[in-house]
Amino acid sequence: MGIEVKEIKYASSEYQLEVNLRHEVLRKPLGLKFSQEDLRAEKDDVHLGAFRGKALFGCLLLRKVSDTVVKMRQVAVDPHAQGTGVGRILVEASEAKARELRYKEIELNARETAVPFYLKLGYEVVGETFGEVGLPHKKMRKSL
C-alpha cells in the first residue's frame with residue numbers, strides 16, 4: 001500500500017496523531033512542548049498528513065499569510081520514513097492544495113539542515129540565516 005496524503009480535521013483522532021508526530025520529531029529533541037495556545041492557533045490552518053493505512057508517516061500545516069501567500073509550517077516525517085520520499089510527496093501535495101486554494105506563493109522557515117531538501121524541490125532561499133527555536137533557519141519560498 002502506498003502513501004496517501006489527506007487533509008486532517010482539527011481536533012480529530014488523526015489530528016492527535018499529527019500532534020504526537022510533530023512533538024516527537026520537532027519539539028521533544030529541543031526540550032519543547034506544545035501549549036494549548038499553540039494548538040488553538042492552528043484551528044484555521046490546513047493540516048495535511050501522509051498516511052499508509054491508518055499509520056501517519058508525515059505531516060505539515062499551511063497557514064494563510066495573505067490572499068496570495070501561504071506559509072508551510074511544522075513539517076515532520078517519522079524518522080523511520082525519512083529518505084523514502086514521504087517528505088517530497090507531502091510537500092508536492094501541499095503545493096497542489098495551495099494552488100487549489102488559489103495561492104500564488106508558498107513560504108517557509110527551513111531548519112538549515114533541511115535547506116538542501118527544499119532546494120531540490122524548487123524553493124529558493126530569501127535573506128540571511130536567522131535563529132528560531134534555538135536553531136539556524138533560512139526563509140525560503142516558491143512561486144506556484
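Helices and sheet: questions and answers

Q: How far does H1 reach from its first C-alpha to its last?
A: Helix H1 (helices are DSSP runs of H or I, at least four residues, and strands runs of E, at least two, numbered from the N terminus) has 15 residues. The span expected at 1.5 Å a residue, taken as 1.5 Å times one less than the number of residues, is 21 Å. H1 comes close to that, reaching 20 Å.

Q: Which element has the lowest mean pLDDT?
A: This is a predicted model: local features need pLDDT (the predictor's confidence in each residue, from 0 to 100) of at least 70, side-chain atom pairs count only at 80 or more, and totals for chains, interfaces and linings use all residues. Residues are numbered from 1 along each chain as its sequence is written, and side-chain values use heavy atoms, leaving out hydrogens and water. The protein's mean pLDDT is 96, with 99% of its residues at 70 or more. E3 has the highest element mean, 98, and the lowest, 94, belongs to E6.

Q: Within what arc do the buried residues of H1 fall?
A: The buried set (under 20% relative accessible area; exposed is over 50%, partly exposed in between; 1.4 Å probe, protein chains only) is Tyr 15, Glu 18, Val 19, Leu 21, Arg 22, Val 25, Leu 26 and Arg 27. Seen down the axis of H1, they line one face, because their arc (of directions from the axis to the C-beta atoms) is 165°.

Q: At about what angle does H1 run to E3?
A: Elements covering the buried residues of H1 include E1, E2, E3, E4, E5 and helix H2 (36-40). H1 (residues 13-27) lies across those five strands. Between axes fitted to C-alpha atoms, for helices over the stretch in contact (heavy atoms within 4.5 Å), angles run from 0 to 180 degrees between N-to-C directions. For H1 and E3 the angle is about 90°.

Q: At about what angle does H3 run to E3?
A: H3 (residues 86-100) lies across E1, E2, E3, E4, E5 and E7. Its buried residues include Leu 90, Val 91 and Ala 98. Its angle to E3 is about 35°.

Q: Which strands stand at the edges of the sheet?
A: The sheet is open, with mixed pairing (two strands pair if DSSP finds at least two bridges between them), in the order E1-E2-E3-E4-E5-E7-E6. Each edge strand has a single partner, so one of its sides lacks a neighbour in the sheet. The edge strands are E1 and E6.

Q: How many bridges join E6 to E7?
A: E5 (residues 105-111) and E7 (residues 135-143) run antiparallel, joined by 7 bridges. E6 (residues 124-132) also pairs with E7 in the antiparallel sense. In E7, Glu 124 has Arg 141 as bridge partner, and Glu 132 has Leu 135. The E6 to E7 bridges number 6.

Q: Which residue takes a positive phi in the hairpin of E6 and E7?
A: The hairpin has 2 residues between its strands. The positive phi there is near 45°. It belongs to Val 133.

Q: Is Asp 38 buried or partly exposed?
A: Asp 38 lies in H2. Beyond neighbours within four places in sequence, it is in contact with Arg 27 and Lys 33. Its relative accessibility is 31%, so it counts as partly exposed.
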